[in-house]
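User: I want to learn how to read a fold from its parts. Can we take it one feature at a time?

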Amino acid sequence: MAAKPRARSTATPAPSSPTRRPSSRRGQRPFADRPIDIALQGGGSHGAFTWGVLDALLEDPRLVPDGISGTSAGAMNAAVLASGYAQGGRTGARENLSAFWRALGGITDCWAPAPGSLPPPGAVSDATTPPAWAFNRDQWPGYALWESWLRLWSPYQLNPFNLSPLRDLVRRHVDEDALRRGPVKVYVTATSVRTGQPRVFSGAELSIDALMASACLPQSAQAVTIDGEPYWDGGFSGNPALWPLIYDTPTHDLLLVQINPLRRENTPVTAADISDRINEITFNASLVAEMRAIAFVQKLLRQRQVDPTRYKDLRLHRIADESGLAPYNASSKLNTDPRLLQALFSIGRGAGERWLAEHADAVGLRSTVDIDKVFLQPR
């Protein structure tokens with residue numbers, strides 16, 4: 001088994017003699033096939049937004065996925081994409097992603113125990129999409145009581161046999177051999193329960209267990225033990241981890257697909273809204289910290305205070321739709337209603353198409369996101 005990756009600064013030497021596809025140098029005309037690394041945030045059912053983004057990206061022949069780093073639902077998307085890509089290229093990746101998310105639709109306890117007897121208010125036929133608020137489980141009658149009851153018990157008590165419909169689904173759509181040796185390098189982040197540090201699984205370490213560890217919400221599932229170490233959801237320590245893409249691929253273009261909003265306009269006042277905002281801030285904290293380190297290295301490179309042949313000057317890109325996802329609160333991340341997943345896919349597909357139209361030609365040439373403005377300065 002490959003050695004556990006060490007936690008290092010994002011100020012990392014760039015590979016001097018890459019063995020994979022070469023990336024375009026700054027100032028040169030980009031290649032027709034432009035390699036790009038992709039980082040995917042987690043977010044339960046909101047990962048269907050990322051499914052839509054990836055569907056649009058895979059349809060564009062100009063971009064070639066080199067490495068993908070994912071956490072939780074982002075890790076699932078990365079693994080399903082890589083498995084399909086290894087077997088059928090872009091078309092195979094798109095078909096496998098679609099099959100995975102369509103199969104996930106309707107598995108009510110996929111992410112967390114669900115109040116199966118509490119349908120969303122105003123539920124209508126499957127041919128019609130209900131309003132966004134109907135998918136927010138905290139709006140359902142009796143949901144608060146259900147949540148209060150669940151907090152009295154741990155997953156070790158509620159699910160002593162550790163049954164997991166998500167694991168069964170992942171097994172059907174993920175090829176472990178493709179993850180380890182396929183054309184797309186995959187990096188999956190989980191959080192060590194003992195140390196609180198991230199562990200990034202890649203290469204020979206990748207497995208169904210690693211994916212389940214990355215998506216293990218401690219209130220809903222038993223910790224996943226790998227090599228004697230228990231792991232929880234990777235979002236606590238890297239959502240997603242960017243540094244594996246910086247260290248291990250020669251590609252200088254990195255595209256972040258972001259689910260969790262950085263900004264909320266209103267101050268939360270209800271217990272549920274306060275909890276949701278704390279969750280969003282916590283799951284974005286590691287990403288913001290990495291962006292700060294990357295911005296610092298870029299500043300040193302501009303000032304010629306470090307050797308540009310040893311440090312990667314990343315070209316950063318970002319796809320997000322905070323306003324489009326705003327009506328779907330944190331409780332909807334636990335809802336697998338197929339109508340919700342389709343609505344989120346459509347939002348993500350639109351976001352991906354807009355980004356391609358506006359920024360795809362910049363890949364290989366320049367960044368399309370200002371780190372200071374988006375991630376570091378108060379907005």
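User: Which strand does Ser202 lie in?
Analyst: Keep in mind that this is a predicted model. Ser202 belongs to strand 4, residues 198-202.

User: Is Ser202 buried or exposed?
Analyst: The cut-off for buried is under 20% relative accessible area. Ser202 has 19% relative accessibility, so it counts as buried.

User: What does Ser202 contact beyond its sequence neighbours?
Analyst: Set aside residues within four places in sequence, and Ser202 is in contact with Val186 and Tyr187. A C-alpha distance adds to the picture: Ser202 and Val188 are 14 residues apart along the chain, and their C-alpha atoms are separated by 6.7 Å.

User: Now the whole protein. How many helices and strands are there?
Analyst: The protein has 12 helices and 8 strands. It has 379 residues, and 54% of them count as buried.

User: What share of the contacts joins residues at least 24 apart?
Analyst: Take the contacts between residues at least 6 apart in sequence: 79% of these join residues at least 24 apart.

User: How do I read two packed helices?
Analyst: Two packed helices are described by the angle between their axes and the distance between the axes. Start with helix 1 (residues 47-59) and helix 11 (residues 338-359): their axes come within 6 Å and cross at roughly 40 degrees. That makes helix 1 oblique to helix 11. The crossing of this pair is right-handed.

User: Which residues make that contact of helix 1 with helix 11?
Analyst: Helix 1 contributes residues including Phe49, Trp51, Gly52 and Leu57. From helix 11 come, among them, Leu341, Phe345, Gly348 and Trp355. By class, the residues of this contact divide into 13 nonpolar, 4 polar and 4 charged.

User: At what angle do the axes of helix 1 and helix 2 cross?
Analyst: The axes of helix 1 and helix 2 (residues 73-104) cross at roughly 20 degrees and come within 9 Å. Angles under 35 degrees count as roughly parallel. Helix 1 and helix 2 are therefore roughly parallel to each other. Their crossing is right-handed. On the helix 1 side, the contact includes Thr50, Trp51, Leu54 and Leu58. On the helix 2 side, it includes Leu81, Tyr85, Leu97 and Trp101. The residues of this contact divide into 11 nonpolar, 4 polar and 5 charged.

User: Where is His46 found?
Analyst: His46 sits in the loop between strand 1 (34-40) and helix 1. A loop position alone does not settle burial, so check the accessible area: His46 has a relative value of 3% and is buried. Outside the four-place window in sequence, His46 contacts Ile259, Tyr328, Asn329, Ser332, Lys333 and Leu344. Leu344 is also one of the helix 11 residues in the contact with helix 1.

User: Let me try another loop. What does Gln222 touch?
Analyst: Gln222 is placed in the loop between helix 7 (208-214) and strand 5 (224-226). Its relative accessible area is 13%, so Gln222 is buried. Not counting residues up to four places away in sequence, Gln222 touches Pro155, Tyr156, Asn159, Pro160, Asn162 and Cys216.

User: Last, strand pairing. How many bridges join strand 7 to strand 8?
Analyst: Strand 7 (residues 253-257) and strand 8 are joined by 5 bridges and run parallel. To place the register, look at Asp253: Arg315 in strand 8 stands opposite this residue. Strand 8 (residues 315-319) is mostly covered, with 4 of its 5 residues buried.

Notes
Residues numbered from 1 in each chain as written. Predicted model: local features only at pLDDT ≥ 70, side-chain atom pairs only at ≥ 80, totals over all residues. Heavy atoms only, no water. Axes fitted to C-alpha atoms, helices over the stretch in contact; angles between N-to-C directions. Helix = DSSP H or I, 4+ residues; strand = E, 2+ residues; numbered from the N terminus. Parallel < 35°, antiparallel > 145°, perpendicular 65-115°, else oblique. Left-handed = near helix turned anticlockwise from the far one by under 90°. Contact = heavy atoms within 4.5 Å. Nonpolar A, V, L, I, M, F, W, Y, C, P; charged D, E, K, R; others polar. Buried < 20%, exposed > 50% of the residue type's maximum accessible area, 1.4 Å probe, protein only. Pairing = 2+ DSSP bridges.
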